[in-house]
Amino acid sequence: SSGINAEYGVWYNPDGTVGGDMEVFTKGHVFPFSKMLTFYRKENLILEASYSNPIPHTQTVIGRFEVGPIKPAEDGSSTKVKVKVKVDIHRIITDESAHTDT
């Protein structure tokens with residue numbers, strides 16, 4: 001298998017504001033590949049994947065997924081949310097699963 005350009009993840013709050021970002025898959029990473037991402041949230045989460053390195057294409061966003069419903073813990077604190085993302089052999093990114101730890 002061959003490598004991919006770096007893939008960058010941004011997560012948004014339901015109101016559209018940026019909640020944070022991270023490099024999920026580094027340049028040259030082999031595929032297929034899965035990675036478990038952990039977030040601490042009180043509300044739904046929107047994940048957007050894009051290439052972080054310049055590519056010869058006008059569209060750099062390669063996936064956008066909403067994770068939810070997410071609700072605060074009984075004591076009002078954030079809930080631990082685990083999202084498994086995968087890049088398949090065709091370089092397509094998917095959110096393979098998501099669950100909360102209570």
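A residue counts as buried here when its relative accessible area is under 20%. That cut-off is handy for reading this structure, which is a predicted model.

Start with the overall layout. The protein chain has nine strands and zero helices, so to speak a β-β-β-β-β-β-β-β-β pattern when read along the sequence. Out of its 102 residues, 33% are buried. The accessible surface adds up to about 6200 Å², and carbon and sulfur atoms hold 50% of that. As for contacts in the chain with a separation of 6 or more, 54% of them link residues that sit 24 or more positions apart.

Strand 8 is a nice one to look at closely. Which of its side chains are buried, and which are not? Running over residues 79–87, the strand alternates: T79, V81, V83, V85 and V87 turn to one face and are buried. The other face gets K80, K82, K84 and K86, and these are not buried. Strand 8 also has a partner, strand 5, which covers residues 33–41. The two pair in the antiparallel sense, with nine bridges between them. Within this pairing, S34 is found opposite K86 of strand 8.

Just ahead of strand 8 in the sequence comes a loop, and P69 lies in it, between strand 7 (61–67) and strand 8. The peptide bond that joins G68 to P69 is cis, with omega at about 5 degrees. Most peptide bonds, by contrast, are trans.

Definitions and conventions
Residues numbered from 1 in each chain as written. Predicted model: local features only at pLDDT ≥ 70, side-chain atom pairs only at ≥ 80, totals over all residues. Heavy atoms only, no water. Helix = DSSP H or I, 4+ residues; strand = E, 2+ residues; numbered from the N terminus. Buried < 20%, exposed > 50% of the residue type's maximum accessible area, 1.4 Å probe, protein only. Contact = heavy atoms within 4.5 Å. Areas by Shrake-Rupley, 256 points an atom, 1.4 Å probe, with all protein chains shown as cover. Pairing = 2+ DSSP bridges.
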